[in-house]
Amino acid sequence: MRFDVVTLFPEMVLKAALFGVTGRAIEQGLVDLAVWNPRDYTLDKHRTVDDRPYGGGPGMLMKYQPLHDAVQEAKTQRQSGVTKVVCLSPQGVPITQALLAKMTNVSQLILVAGRYEGIDERFIEADCDEEWSLGDFVISGGELAALVVIDAITRLLPGVLGDQESAQQDSYSHGLLDYPHYTRPEVIAGLAVPAVLLSGNHAEIQRWRFKQALGRTWQRRPDLLQEASLTPERRALIIEFMKF
Ligand code: 9D3
């Protein structure tokens, strides 16, 4: 899969992507990453990428033409298959694992990172297929969001994770938060590893972990527990969890 990021801070995206899982995927040729700076597509001597909003108000907007030309240049690098253009902005639909999973069959994903107060709406209407957000909080631009998207999609591509990690990913598609994890030593700051994890009883360990996953989801993310998925068996486990 090929990622193209249109950004005023290309080195921020390139450098960060070279770490860890994404860096390895790029080295192995499973992922290609290129960056395009709209400033390189300006036509005036001051290389202007921003302008004032019609109707007034604070801040500046990203101009249409440099963004449009940068995206067109990225499209000339198109592989066989589908190209999608996604704009990252606070007004986008919130990114979910399901949304990202749908993108694994796209061969070129062009991610447009906004800066300033926003982007001329005609660019979003005429040039973008989708508009995505990280969630309901404010960050300073779309670059970190583009990196999040690249990381999360790369992890889903065949051959990127080891067999064990991939299988684990499958088993967490049950939509619950993870259970707590412990490693050596057995006691830290007076806190002991739960006895069941030392028992060697794998059925009991599985039941305890599932109870923890359900209980923590109920406590912290009740929005993830749709009424439908709360079987009588699961309700009983949550009630058992509540007793601690
Ligand atoms: C005053 C209105 N603000 C919009 C909520 C202004 C504004 C804040 C932050 C305009 C642009 C930005 C830059 N943010 C992004 O480009 C961004 C973002 C975000 O701020 N939150 C969550 N997801 C994303 S994706 C891109």
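Q: Is Asp-120 buried or exposed in this predicted model?
A: Let's start with the scale: buried means under 20% relative accessible area, exposed over 50% and partly exposed in between, using a 1.4 Å probe and protein chains only. Asp-120 has a relative accessible area of 18%. Because 18% is under the 20% limit, Asp-120 counts as buried.

Q: Which residue shares a polar contact of 2.6 Å with Asp-120?
A: A polar contact is a pair of N or O atoms within 3.5 Å; within protein, one must be able to donate a hydrogen and the other to accept it, and residues adjacent in sequence count only if both atoms are side-chain atoms. The model is predicted, and side-chain atom pairs count only at pLDDT 80 or more, while local features need at least 70. Side-chain values use heavy atoms, leaving out hydrogens and water. The side chain of Asp-120 is joined in this way to that of Arg-122.

Q: Which residues is Asp-120 in contact with, leaving aside neighbours within four places in sequence?
A: Contact means heavy atoms within 4.5 Å. With those neighbours left aside, the residues in contact with Asp-120 are Met-62 and Tyr-64.

Q: How far apart are the C-alpha centres of domain 1 and domain 2?
A: The bounds come from an automatic or database domain assignment. Domain 1 covers 2-154 and domain 2 covers 175-242. Their C-alpha centres are separated by 39 Å.

How values were computed. Residues are numbered from 1 along each chain as its sequence is written.
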